[in-house]
Amino acid sequence: MRVYWEIARCGYQRYAAYPAATWAGVFTNMVFGFMRGSVLLALYAHRDEIGGYNASAALTYTWLVQALIAAIYIWGWRELGDRIRSGDIAIDLARPVHPQAAGLASDLGRALYHLLFRGVPPLLVGAVVFELTMPQTPLAGAAFVVSVVLAVAVSYGFRFLYSMAAFWLVDIRGVMVASAVVATLFSGFVIPVAYFPEWLAAVAYATPFPAMAQTPIDIFIGVLSGTEAAGALAMQAAWLAALLLGGRVLFAAGARRLVVQGG
Amino acid sequence: MAEVVSLYARLVRARVRSQLQYRTSFALDLVAMAGITFLDFVAVLVIFRNVPTLDGWSIGEVAFLYATSAMAFALTDMAIGHLDGLSQLVREGSFDLLLIRPRSTLFQVMTMDFQLKRLGKALQGLAVLVYALTLLDLAWTPGKIAMLVTMILAGAVIFGAVWIFVICIVFWSVEGRETANAFTYGGNYLAQFPITIYDAWLRRFLAYVVPMAFVSYMPALFILGKEDPLGLPGWLRFASPAVAVLTVLGAGAMWRHAMRHYRSAGG
């Protein structure tokens, strides 16, 4: 266990080394928070409620998305794919910890940094400028934190899974882009899944993507509470298990056919 | 000047030729690009599934704003989208190489790449434009047609100038690169909706100071024949080309200022 703790710490420190990059990201997240918030507010000029969201909930959703974007990291993660292509994966295979488990520890460390420094500042600004909907009970707050951790892990499980394509395709740029597109829409990062027409929402909820963003956000706002929230957390855990298992199986298959030249 | 233009054309032709070597791969990239950007528009469609108008703008009118802005941005992205990688050159010190060649650094940076596949994004914009026009049933005049072409070209120039202006931040802070995204991709997002929906301070800054209002909103008021709820002077609807020239001058001045500030990382 100790080794995973150390790996997570390194994951944290790796990103903590670039504070200016963090502030640049926070700035951009805030600009988008204001713009997207304006667009959603314009919607509420006609209606009091859309898909269970009132205006305050919609603003909270907008700012939470901006606060979670860096931590969830669904765009442009190519670390593992690059290691497989370059052959560096051979070194990972020689290590005493499974690359998937080590990667998860490192990613959770990274996410903690991003949550603290790219998540908290925009959320604070959003809460100061607008009337956001805060979790109603301490229990809801705790459930949100658990849900965010699960969301990061589910996102990692998914990123690990699509990176496995590198064993067969070498260049996974296309797979990455396609994955990011589908994940962006169905995770609720662009617009809440609750705004979707019913059939599209049904498609979304048949995928692991809402577990990466929509679930923690809905718990925060209170759209999901009580047993529904518990069920949503269980669903996230189930998707996490399925994705990690799928990743393991594909990794084993890929590693068997892997040929790395050089020495 | 003519010599610079012909050199630019030759460099771009060379890049395009090399990208067209793998036809299937190129075609797939083109389709993928169109697909990704289409998702943005899905968001607009979902919005209008829930409300009939957005701040007095119908779906056809917002689609028109979206399409013209998307096409302008796609052209810019195709020509200079690789400027996002400028921080890499500065960090590694390989920017030094550009300083000793007998052309301006800006010219060299702009011609380092040219991604024809991003035309896919413009095709997506074109498809949305056709959709918008079928909904709108506008009375076309030669003036309006000329304005449509002009606004897309002027918009592309404005996007490009803003991109160059803001990316200069990497000469001061390599890590600050992401700040530029708020103005480039953020600007594109802003221009896709009527600017009246934004808070006054945000509108004043991003629409007038960073003149995104002139990419789509102002010329669109003319083409769609809409009243301006902000009551701005009517001639502003025709000001996009002039604004484009001003932003180019601003970007050029900023770049020269940044060049004097550049200190090599010792590549």
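1. Let me start with helix α2 of chain A, which is mostly covered: 18 of its 25 residues are buried. The helix runs over residues 19–43, and its length checks out too. At 1.5 Å a residue it should span 36 Å, and its end C-alpha atoms are indeed 36 Å apart, which agrees. Keep in mind throughout that this is a predicted model.

2. So how far can you trust chain A? Its mean pLDDT is 93, with 99% of residues at 70 or more. Within the chain, confidence is lowest in helix α9 (residues 173–186), at a mean of 84, and highest in α7(A), at 97. As a general caution, where pLDDT is low, the predicted coordinates should not be read in detail.

3. Have a look at helix α11 of chain A, residues 214–221. Here 8 of the 8 residues are buried, so the helix is largely enclosed by the rest of the structure. The buried set takes in A:Asp218 and A:Gln214 as well as A:Ile217, A:Ile219, A:Phe220 and A:Ile221 among others. What lies over them? The cover includes α3 (55–72), α7 (138–163) and α12 (226–256) of chain A. Just after the helix comes A:Gly222, with a positive phi near 100 degrees.

4. Further along chain A, in the segment after α12, you'll find A:Leu258. Is A:Leu258 buried, exposed or partly exposed? It counts as partly exposed, because it has 15 C-beta neighbours inside 10 Å, and the buried class needs 20 or more. For a sense of scale, the C-alpha atoms of A:Leu258 and A:Val125 are separated by 49 Å, with their positions 133 residues apart along the chain.

5. Now chain B. It has 12 helices and 0 strands, so to speak a plain run of α elements from the N terminus on. Its radius of gyration is 19 Å, close to the 18 Å that the globule rule gives for 267 residues, so chain B is as compact as a globular protein of that length. The C-alpha atoms fill a box of roughly 60 × 45 × 35 Å along the principal axes. Of the 267 residues, 42% count as buried. Counting contacts in chain B with a separation of 6 or more, 80% come from residues 24 or more positions apart.

6. How do the two chains meet? On the chain B side, 30 residues are in contact with 29 residues of chain A. Both α2 (23–50) and α9 (178–191) of chain B supply at least two residues each to that side, and the largest share, 11 residues, comes from α2(B). By type, the chain B side divides into 17 nonpolar, 7 polar and 6 charged residues.

7. Next, the largest nonpolar core. It holds 156 residues, and A:Val154, B:Ile158 and B:Ile167 touch the most other members. Helix α3 of chain B (residues 59–80) gives the largest share of this core, 16 residues. Taking B:Ile167 by itself, and leaving aside neighbours within four places in sequence, you'll see contacts with B:Leu83, B:Leu86 and B:Ala180. In general, nonpolar side chains tend to be buried together in soluble globular proteins.

8. For a closer view of helix α3 of chain B, pick B:Ala67, which lies in it. B:Ala67 is buried, because 25 other C-beta atoms sit within 10 Å. Which residues does B:Ala67 contact, beyond its neighbours within four places in sequence? They are B:Gly125, B:Val128, B:Leu129 and B:Ala132. B:Phe41 is 26 residues from B:Ala67 in sequence, and the two are 9.1 Å apart in space, C-alpha to C-alpha.

9. Last, two backbone spots in chain B to check by eye. Most residues other than glycine have a negative phi. B:Asp55 has a positive phi of about 55 degrees although it is not a glycine, and B:Asp137 also has a positive phi of about 55 degrees without being a glycine. B:Asp55 is in the loop between α2 and α3, while B:Asp137 lies in the loop between α7 (119–136) and α8 (142–167). Their surroundings differ: B:Asp55 counts as buried, with 20 C-beta neighbours inside 10 Å, whereas B:Asp137 counts as exposed, with 7.

Note on methods:
Residues numbered from 1 in each chain as written. Chains lettered and ligands numbered in written order. Buried ≥ 20, exposed ≤ 12 C-beta atoms within 10 Å, placed from the backbone. Helix = DSSP H or I, 4+ residues; strand = E, 2+ residues; numbered from the N terminus. Contact = placed C-beta atoms within 7 Å. Nonpolar A, V, L, I, M, F, W, Y, C, P; charged D, E, K, R; others polar. Core = buried A, V, L, I, M, F, W, Y, C linked by C-beta atoms within 7 Å. Rg over C-alpha atoms; globule rule 2.2 N^0.38 Å. pLDDT = per-residue confidence, 0-100. Expected span 1.5 Å × (residues − 1).
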